[in-house]
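These are my notebook entries on a structure that I had not examined before. I set down what I looked up, entry by entry.

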Amino acid sequence: MKKKKPSWICPIIAMVIFIACTLWIKMFDVKPIGPNGSSVGCASLNLMLLHGYNKFWYSLTEFIGYISIVIMLAMACLGLVQLVKGKSFKAVNPALYVLAGFYAVMVFFYALFEVVVINCRPILESDGSLEASYPSSHTMLSLCVLISLIYQLKYIIKKKSLQQYASIALVVLSLLAVVGRFLCGVHWFTDILGGVILSFALLLFYDAAIKVVEAKFAK
């Protein structure tokens, strides 16, 4: 029985939703409610849902962020080991090439919104300067890296039960990253919302790309 071809419609729709959400945040209910009178979109909603700074949640989400970076480095090392052992680029699992491309796209969006400022943080940096906060790059990093790792577990862990436990742990960490980043008070609600929607869109593209590669190499 032929496998269904992966659909690119859902990821494209998700990306369109992210773009629409970004434009909405940039243009709707913009008021100078931020530090130093900085303008913030969806001001009424953001002000209503704003939390004060919480050190516990901030530290926890920073820790999850470091875990995400370690995972990225570990996957890069895994690819390098396969390359060295096989002495050929063909020896590297094709799913790792897809993952590397996914990481590159994620870093691109991370850098893009450092330049294209939609909203600034509700708190000032230690030097008193404003910092871009939309979409929450921390949320995007954690969600993208942790959830994309679930796709890779079948290549890394052979035992099904361990795959399931690891998947549950990654989902829990992802949820903690999203909730914690909202509760720690260094982001507006729309920053978190934008980070979640963008992550969802990127992960759908990643899922479709993985299916294309798996179908190609299963032949």
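**Entry 1. Surface and overall form**

How much area does the protein expose, and what percentage of it do carbon and sulfur atoms supply? I found about 12300 Å² exposed, with carbon and sulfur atoms supplying 72% of it. I note at the outset that the model is predicted.

I next looked up the secondary structure and found 7 helices and 0 strands. Read along the sequence, the pattern is α-α-α-α-α-α-α. The C-alpha trace spans about 60 × 35 × 30 Å along its principal axes.

I then turned to burial and contacts. Of the 219 residues in the protein, 42% are buried. Among contacts with a separation of 6 or more, 75% are between residues 24 or more positions apart.

**Entry 2. The nonpolar core**

Which residues touch the most other members of the largest nonpolar core? The core has 41 residues, and the answer is F102, Y103, M106 and L202. The elements α1, α3, α4, α5, α6 and α7 each give two or more residues to this core. Helix α4 provides the largest share, 9 residues. I recorded a general tendency beside this: in soluble globular proteins, nonpolar side chains tend to be buried together.

I looked up F102 in particular. Leaving aside neighbours within four places in sequence, F102 is in contact with C144, S148, L202, L203 and Y206. One of these, L202, is also among the four residues that touch the most other core members.

**Entry 3. A nonpolar patch on the surface**

I also searched the surface for nonpolar residues. W8, I12, V16 and V212 form a nonpolar patch there, with about 350 Å² of accessible area together. W8 sits in the segment before α1 (9-27). Its relative accessible area is 37%, so W8 counts as partly exposed.

**Entry 4. R181**

Is R181 buried or exposed? R181 is buried, at a relative accessible area of 3%. The residue belongs to helix α6 (residues 160-183). I looked for a partner for the side chain of R181 and found a polar contact with the side chain of E62, at 3.4 Å. Leaving aside neighbours within four places in sequence, the contacts of R181 include Y58, T61, R121, H138 and T139. They also include L176, V186, H187 and I192.

**Entry 5. T61**

Since T61 appears among the contacts of R181, I followed it up. T61 is in helix α3 (residues 55-86). Its relative accessible area is 0%, which means that T61 is buried. The side chain of T61 reaches the backbone oxygen of Y58 at 2.9 Å.

With neighbours within four places in sequence left aside, T61 is in contact with H138, L176, A177, G180 and R181. I also compared T61 with T139: they are 78 residues apart in sequence, and their C-alpha atoms are 8.7 Å apart in space.

**Entry 6. Salt bridges**

How many salt bridges does a search of the whole structure find? The search finds 4. I describe three of the pairs here.

The side chains of E131 and R121 meet at 2.8 Å, N to O. Both residues lie in the loop between α4 (94-115) and α5 (137-156), so the pair ties together parts that are 10 residues apart in sequence. R121 is buried, with a relative accessible area of 11%, whereas E131 is partly exposed at 23%. R121 was already in my notes as a contact of R181.

The side chains of D207 and K211 form another salt bridge, at 3.2 Å, N to O. Why are D207 and K211 separated by about one helical turn? The reason is that they are 4 residues apart in helix α7 (residues 189-218). D207 is buried at a relative accessible area of 18%, while K211 is partly exposed at 41%.

D29 and K31 form a salt bridge as well, with the closest N and O atoms 3.5 Å apart. K31 is partly exposed, with a relative accessible area of 38%.

Terms used
Residues numbered from 1 in each chain as written. Predicted model: local features only at pLDDT ≥ 70, side-chain atom pairs only at ≥ 80, totals over all residues. Heavy atoms only, no water. Buried < 20%, exposed > 50% of the residue type's maximum accessible area, 1.4 Å probe, protein only. Polar contact = N/O pair within 3.5 Å; in protein donor to acceptor, adjacent residues only side chain to side chain. Contact = heavy atoms within 4.5 Å. Patch = residues over 30% accessible without salt bridge, like charges linked within 9 Å, V, L, I, M, F, W, Y side chains within 5 Å. Areas by Shrake-Rupley, 256 points an atom, 1.4 Å probe, with all protein chains shown as cover. Core = buried A, V, L, I, M, F, W, Y, C linked by side-chain atoms within 4.5 Å.
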